[in-house]
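Visitor: I would like to go through this model with you. Could we start once it is on the screen?

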Amino acid sequence: MRKKFVAGNWKMHGSLPGNAELLRGVRAGVAGLSIDIAVCVPYPYLAQTGEALKGSNVAWGAQDVSEHAQGAYTGEVSAAMLVEFGCQYAIVGHSERRTYYGDTDAVVAAKCEAALKAGLLPILCVGETLDERERNVTAAVVTRQLDAFIARCGVAALANSVIAYEPVWAIGTGRTASPEQAQEVHALIRARVARESAAVAAGLRILYGGSMKPGNAKELMAQPDIDGGLIGGAALVAADFVAICAAAQ
Ligand code: PEP
């Protein structure tokens, strides 16, 4: 039985006073829940987040990580630095990174490898655009994104990773994949991994992301291959994030 996992992706939102309130609300609201929970915050807020969540049942992480361990890479942040700030997770390959910053499958796989080497769990995001769904190439796209990870890191590395299926057309649009649409892709991901290792596939947590809200979370997470959620907009409202975590319980 896989433990459910709900992770928040704050994106480039927040302020020190606003975060303090949000973190307080999340911490108090999810106390006692036995699922895994994390918030992934902008780099400058990692110290604040660590302080606010210390000793709680909420872990924290970053929204990206460099593929390099160290060196002359102005503006980059290494996995080891994130570990110093108590991060357990790094989101890697979010569609916004792929679209706006040119993160290719190969770069995403290299970032995952760097995260894993430093002891971070990558949350590898995969998912098709609306155009790709309409052209019926969802399976091919998601498999290609997943295979880049497997080729670089090996299937065993998925035991220390999380996958988030995020259809690009559902991110921040209010348009959610139906539970059946999401389940179909989640099952496909698990089957692809099972071809390499049945044991890794059985333990792999595959989150759904894309306009998950308190009102649709339970139904989505009731699907056999949906092991939790990666939450954008609703992670910015403590009551909503808490309600999604409660629905996962
Ligand atoms: C995301 O950006 O990862 C996401 C799922 O956003 P939203 O929940 O707002 O669709």
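Guide: The chat below takes up the overall fold, the enclosed spaces, one helix and the cysteines. This is a predicted model, in which local features need pLDDT of at least 70, side-chain atom pairs count only at pLDDT 80 or more, and totals for chains, interfaces and linings use all residues. Residues are numbered from 1 along each chain as its sequence is written, and side-chain values use heavy atoms, with hydrogens and water left out.

Visitor: How many helices and strands does the protein chain have?

Guide: The protein chain has 11 helices and eight strands, taken as DSSP runs (helices H or I, at least four residues; strands E, at least two) and numbered from the N terminus.

Visitor: What share of the residues is buried?

Guide: Of the 249 residues, 53% are buried, that is, under 20% relative accessible area with a 1.4 Å probe and protein chains only.

Visitor: What lies nearest the centre of the largest pocket?

Guide: Lys11, Met12, Gln63, Arg97 and Tyr101 do, among 21 lining residues. A pocket is an open set of points on a 1 Å grid over the protein atoms alone, with protein on both sides within 12 Å along at least five of seven lines; lining residues have an atom within 4 Å of a point. Helix α4 (residues 95-100) gives the most to this lining, with three residues.

Visitor: And how much space is in that largest pocket?

Guide: About 540 Å³, where a volume is the space filled by probe spheres set on the grid points, which are joined across faces, edges and corners.

Visitor: Changing topic, which residues of α8 are buried?

Guide: Helix α8 covers residues 179-196, and its buried residues are Pro179, Ala182, Gln183, Val185, His186, Ile189, Arg190, Arg192 and Val193.

Visitor: Why might such positions recur along a helix?

Guide: An α-helix has 3.6 residues a turn, so residues three or four places apart point the same way.

Visitor: How many disulfides are there?

Guide: A search of the whole structure finds zero, with a disulfide being a pair of cysteine sulfur atoms within 2.5 Å.

Visitor: Why is Cys87 without a bond?

Guide: Its closest cysteine sulfur, in Cys40, is 7.8 Å from the sulfur of Cys87, which is too far for a bond. Cys87 counts as buried because its relative accessibility is 6%.

Visitor: How far is Cys245 from the nearest cysteine sulfur?

Guide: The nearest, that of Cys40, is 12 Å away, and Cys245 is in no disulfide. Cys245 has 0% relative accessibility and therefore counts as buried.

How values were computed: On a 1 Å grid over the protein atoms alone, a cavity is a set of points where a 1.4 Å probe fits but cannot get out, and a pocket is an open set with protein on both sides within 12 Å along at least five of seven lines; lining residues have an atom within 4 Å of a point. The expected span of a helix is 1.5 Å times one less than its number of residues. Buried means under 20% relative accessible area, exposed over 50%, partly exposed in between (1.4 Å probe, protein chains only).
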